[in-house]
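Thank you for making the time this morning. I would like to walk you through one structure, part by part, and I will try to say plainly what can be read from it.

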Amino acid sequence: MTTLISGGKVISATGADLADVLVDGEKIVAVLQPGSDIAKSAAESAEIIDATGKYVIPGGVDVHTHMETDVGPTVSSDTFESGTTAAAWGGTTTIVDFATQGFGEQVRESLDATMARAEGNCAIDFGVHMVIGDVNETSLSEMDKLVDEGISSFKLFMAYPGRLLSDDRQILLAMQQCAGNGGMIMMHAENGIAIDLLAEQAVARGETDPVNHGYVRREALESEATFRAIKLAEVGAAPLYIVHLSSSGALEQVSRARHDGANVFAETCPQYLYLSLEDHLGAPGFEGAKYVCSTPLRSKHEHHHRDLWNGLRTNALSVIATDHCPFCMNDQKDLGVDDFRSIPNGIGGVEHRIDLIYQGVVTGEISLSRWVELCATTPARMFGMYPQKGTIQPGADADIVLYDPNATTTISADTHHMNMDYSAYEGITIDGKVETVMSRGTVIVSNDTFHGSASHGRYIRRGLSQYLN
Ligand code: DUC
Ligand code: ZN
Ligand code: ZN
């Protein structure tokens, strides 16, 4: 069964060309010049998808999601099924989620539990990173085995003392392990010990509203932790990937390290480009709880948004992920109605990443190619899935999105597919629309209808990062 996606403009990380894409089974088999003899003869026997006037882009790769993740008092509200279905609606065809070893837990058991939840329940393909929340002899040796099993990246936390935090000794040990096994360290870079003290002091003063989450998670404590992580990675000789980078100061640290030639990378997320401490986290009443995430939203008066866009343009920031970690207001976010420390941390956004970052193309912040590179190609390369994922080329999985630049998308909790009772972007109408989504050769979204199934998505055994010097 062959399909010819015909007449569209194929966007890659390096350019944009009118081209026809031939799909056979689950794979892309050719990218053809329109009107060429070979394209004409392919058209005779293939099913045709007319992409005239559309961008044809590789399916999005979101390397930072948290589906049905236990965060203590509650569980993130998207299951693997609902979250990956929402991702598909938004043009994302691969996610990499997290298995979490908390303090005192076994890596293997935590991983098995996550795999049991994910396998057979994903509408799109998925990979897994491992959170190491208790670096010890056993977890260090498990890391080597995991790399061989396709889990080649390990998230550590410099925040959340007593639950997930690794101290500098543990961080260095894990980095040394990755120097040996080729894995990538992903870092939540915030000084959690200092943050917890400030939070305690704020609550003692009666400052319990959601906005205080942003006040106590000071930018300086993200910059300091980012700097420390970079220096430890230099000593440990491991590659380092900073997750959910939110501020100018942290960006400066990453930029400087990259300028010096270090294998230091960073992602940011749409919420740090569009939302702010004042307008969102500081919304009246308890509304701000919708925007409680860590790292936090930053002040709109301090140029963070502008600097992050600059970072995306200059490759100081290499990846856009969502950190999709959804919670409902009702029964979840409202756990912290009297104390911002009890508001579950996270914003759901897996469905809107491609659309939201496309706005950077519309406003001239980034090029079409950079959009594709940030949302698909680099994340696939960074985490060892390229060229199976993140590119339209012969041999790649036929994960393809037809994007209509002339249509618009309105974002609302009434119409989104994430299991959330609010949207962080409620009511906005933006340019562009995901029109058709193909995952491994199967059309799973078209004509505003989902045709996929939760048994379609497969586990991806990832290789080592292909983005290193
Ligand atoms: N870090 C994440 O990556 N996601 C949710 C909360 C957090 O602290
Ligand atoms: Zn984190
Ligand atoms: Zn996260």
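**Salt bridges, sheet and zinc sites**

Let me begin with the charged side chains: the structure, which I should say at once is a predicted model, holds 24 salt bridges. One of them joins the side chains of Glu149 and Arg108, with 2.9 Å from N to O. Glu149 sits in the loop between helix 4, residues 137-148, and strand 9, while Arg108 belongs to helix 3, residues 107-118, so this pair ties together parts that lie 41 residues apart in sequence. As for their surroundings, Glu149 is partly exposed at a relative accessible area of 27%, and Arg108 is partly exposed as well, with 26%.

A second example is the salt bridge between the side chains of Arg306 and Asp307, at 3.0 Å from N to O. Here Arg306 counts as partly exposed, at 47% relative accessibility, whereas Asp307 is buried, with a relative accessible area of 17%.

My third example is Asp397, which forms a salt bridge with Lys389, the closest N and O atoms being 2.8 Å apart. Are these two residues buried or exposed? Asp397 is buried, with a relative accessible area of 3%, and Lys389 is buried too, with 1%. Both also take part in a network of salt bridges, which links Glu26, Lys27, Asp125, Lys389, Asp397, Asp399, Arg440 and Arg458.

Let me turn now to the sheet. Eight strands form an open sheet, and if you follow them across in the order 6-7-8-9-10-11-12-13, you will find that the pairing is parallel. The edges are strand 6, residues 60-65, and strand 13, residues 319-320, each of which pairs on one side only. Further in, strand 8, residues 125-132, and strand 9, residues 153-157, pair in the parallel sense over two bridges. If you would like a particular residue to look for, take Met130, whose bridge partner in strand 9 is Phe154. Helix 9, residues 248-259, packs on the sheet, where it touches strand 11 (240-242) and strand 12 (264-268), and the direction of helix 9 makes about 145 degrees with that of strand 12.

With the sheet in view, we can look at the zinc ions. Which residues coordinate the zinc ion that is ligand 3? The donors are His64 through NE2, His66 through NE2 and Asp323 through OD, at 1.9 to 2.1 Å, and along the sequence they are spaced H-x1-H-x256-D. Distant parts of the chain are linked here, since His64 is in strand 6 and Asp323 is in the loop between strand 13 and helix 13 (353-362), 259 residues apart. His64 counts as buried, at 0% relative accessibility, and Asp323 is buried with a relative accessible area of 9%.

The zinc ion that is ligand 2 is coordinated by Lys155 through NZ, His188 through ND1 and His244 through NE2, at 2.2 Å, and the spacing of these donors along the chain is K-x32-H-x55-H. Lys155 lies in strand 9, and His244 in the loop between strand 11 and helix 9, so that pair ties together parts 89 residues apart in sequence. Both Lys155 and His244 are buried. The two zinc ions, ligand 2 and ligand 3, are separated by 4.4 Å.

I would also like to say a word about the cysteines. A disulfide is a covalent bond between the sulfur atoms of two cysteines, and the count in this model comes to zero. Why is Cys122 not in a disulfide? The closest cysteine sulfur, in Cys325, is 16 Å from the sulfur of Cys122, which is too far for a bond. Cys293 is in no disulfide either, the nearest cysteine sulfur being that of Cys269, 8.0 Å away. Cys122 is buried, with a relative accessible area of 0%, and Cys293 is likewise buried, with 2%.

Finally, a residue with a contrasting setting: Gly104 is placed in the loop between strand 7, residues 92-101, and helix 3, and with a relative accessible area of 58% this glycine is exposed. The C-alpha atom of Gly104 is separated by 9.7 Å from that of Val135, although the two are 31 residues apart along the chain.

Methods: Residues numbered from 1 in each chain as written. Chains lettered and ligands numbered in written order. Predicted model: local features only at pLDDT ≥ 70, side-chain atom pairs only at ≥ 80, totals over all residues. Heavy atoms only, no water. Pairing = 2+ DSSP bridges. Helix = DSSP H or I, 4+ residues; strand = E, 2+ residues; numbered from the N terminus. Contact = heavy atoms within 4.5 Å. Axes fitted to C-alpha atoms, helices over the stretch in contact; angles between N-to-C directions. Donors = N, O, S within 2.8 Å, 3.2 Å for Na, K, Ca; no water. Buried < 20%, exposed > 50% of the residue type's maximum accessible area, 1.4 Å probe, protein only. Salt bridge = Lys/Arg side-chain N within 4 Å of Asp/Glu carboxyl O. Disulfide = S-S within 2.5 Å.
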